[in-house]
Amino acid sequence: MNTDILQFQSDYQETCHENILKRLTEEYRKPYPGYGSDSICEAAKEKIRKACHCPGAQVEFLVGGTQTNATVIDSFLPSYQGILCADSGHIAVHEAGAIELTRHKVLPLKGRDGKLSPKALEAFLSDFALDENKAHTVQPGMVYLSQPTEYGSLYSKAELTAISELCKKHKLLLFVDGARLAYALAAPENDLSLPDLAKLCDVFYIGGTKCGAMFGEVVVIPDAGRLPHFFTSIKQHGALLAKGWLLGLQFDELYLHIGEKANAYAREIKAALKDAGLPLFGDYPTNQVFFVISHEKMEQLKKQAQYAYMERYDENSSVIRFCTSWSTREEDVKKCCEIIRGL
């Protein structure tokens with residue numbers, strides 16, 4: 001990789017936050033029992049329960065996002081049930097059929113700004129209830145959302161409450177993917193807290209891999225009795241890390257604030273794009289910046305900064321993404337803004 005080129009293509013490129021590296025060195029050569037049955041994981045679980053205002057929650061550590069999505073969905077649902085999500089949802093687009101590999105069908109609905117609206121969900125469920133042939137179809141068993149979404153947009157507390165109520169009405173589970181949750185929690189526009197998620201969801205996870213951890217995601221099941229054999233199911237899915245303490249030490253109070261800088265830097269980049277006349281492909285308050293750029297300018301940009309290619313916009317232009325993170329440096333943001341304004 002050319003180190004002279006600015007790196008803005010993702011938010012999980014650097015190793016981990018320095019506090020985690022420090023903790024790792026402090027635990028060097030200390031023996032711990034396996035599979036998360038250690039004092040570090042127990043302390044971390046208690047901190048998470050406290051942060052969620054949910055003292056009775058089941059808390060489990062897994063390694064990565066796709067693994068977590070597949071394990072949670074397969075553990076909760078029988079094989080004849082599928083998962084409703086926005087058509088841009090990670091499980092529908094960027095997980096290589098991992099959910100379908102567990103024998104569960106992903107049922108995408110048309111989203112807007114990356115979100116599944118209560119209105120769209122209600123319409124689908126009403127139509128499904130009237131379908132006289134529904135016994136011959138995949139049964140919806142769960143609603144999957146991301147906070148923030150694939151576009152960096154946020155569900156409001158009112159939106160999530162409405163979806164939660166619909167799920168209860170139609171006896172569906174509600175699962176929130178929090179792979180980038182730290183950036184949502186740090187956004188000034190956000191009004192959804194960890195206690196809100198614990199109150200409104202059947203299961204959600206707190207993402208670490210994209211939010212400063214070396215690796216790791218934390219699954220929270222507010223009702224611990226809901227899935228009594230979830231730990232065994234994690235093992236069955238090959239998702240149980242023997243050295244579980246490595247996951248436990250990566251989650252601490254820092255999580256609630258680690259996304260603030262990334263969001264602020266994203267706002268600076270959006271301002272530079274506006275100055276340069278490059279239109280945003282949606283203006284959302286977290287760390288992902290999507291914009292439209294001509295193919296000619298995209299080739300110029302490629303020589304100076306790495307980005308993530310998203311999709312073709314029209315014959316002459318495409319949508320690409322800059323992604324800031326907990327590790328983004330101020331000098332790189334300033335240089336990136338200079339490059340943008342010079343295109």
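Visitor: Does Cys-41 count as buried or exposed, and at what relative accessibility — what should I read here?

Guide: Welcome! This is a predicted model, and in it Cys-41 has 1% relative accessibility, so this residue counts as buried. Cys-52 counts as buried too, at 2% relative accessibility.

Visitor: Why is Cys-41 too far from the closest cysteine sulfur for a bond?

Guide: The general idea comes before the case. A disulfide is a covalent bond between the sulfur atoms of two cysteines. Here the closest cysteine sulfur to that of Cys-41 belongs to Cys-16 and lies 16 Å away, which is too far for a bond. Cys-52 is in no disulfide either: its nearest cysteine sulfur, in Cys-54, is 6.8 Å away. A search of the whole structure turns up 0 disulfides.

Visitor: Which way do strand 11 and strand 12 pair, and over how many bridges?

Guide: A general idea helps with strands as well. In a regular strand the side chains alternate between the two faces of the sheet. In this model, strand 11 (residues 308-314) pairs with strand 12 (residues 317-323) in the antiparallel sense, over 5 bridges. To follow one bridge, start at Tyr-309, whose partner in strand 12 is Ile-320. The two strands are joined by a hairpin through 2 residues.

Visitor: How many helices and strands are there in the chain?

Guide: The chain has 14 helices and 12 strands. Its radius of gyration is 21 Å, close to the 20 Å from the globule rule for 343 residues, so the chain is as compact as a globular protein of that length.

Visitor: What share of the residues count as buried?

Guide: Of the 343 residues, 53% do. The chain exposes about 16,200 Å², with carbon and sulfur atoms supplying 52% of that area.

Key: Residues numbered from 1 in each chain as written. Predicted model: local features only at pLDDT ≥ 70, side-chain atom pairs only at ≥ 80, totals over all residues. Heavy atoms only, no water. Disulfide = S-S within 2.5 Å. Buried < 20%, exposed > 50% of the residue type's maximum accessible area, 1.4 Å probe, protein only. Pairing = 2+ DSSP bridges. Helix = DSSP H or I, 4+ residues; strand = E, 2+ residues; numbered from the N terminus. Rg over C-alpha atoms; globule rule 2.2 N^0.38 Å. Areas by Shrake-Rupley, 256 points an atom, 1.4 Å probe, with all protein chains shown as cover.
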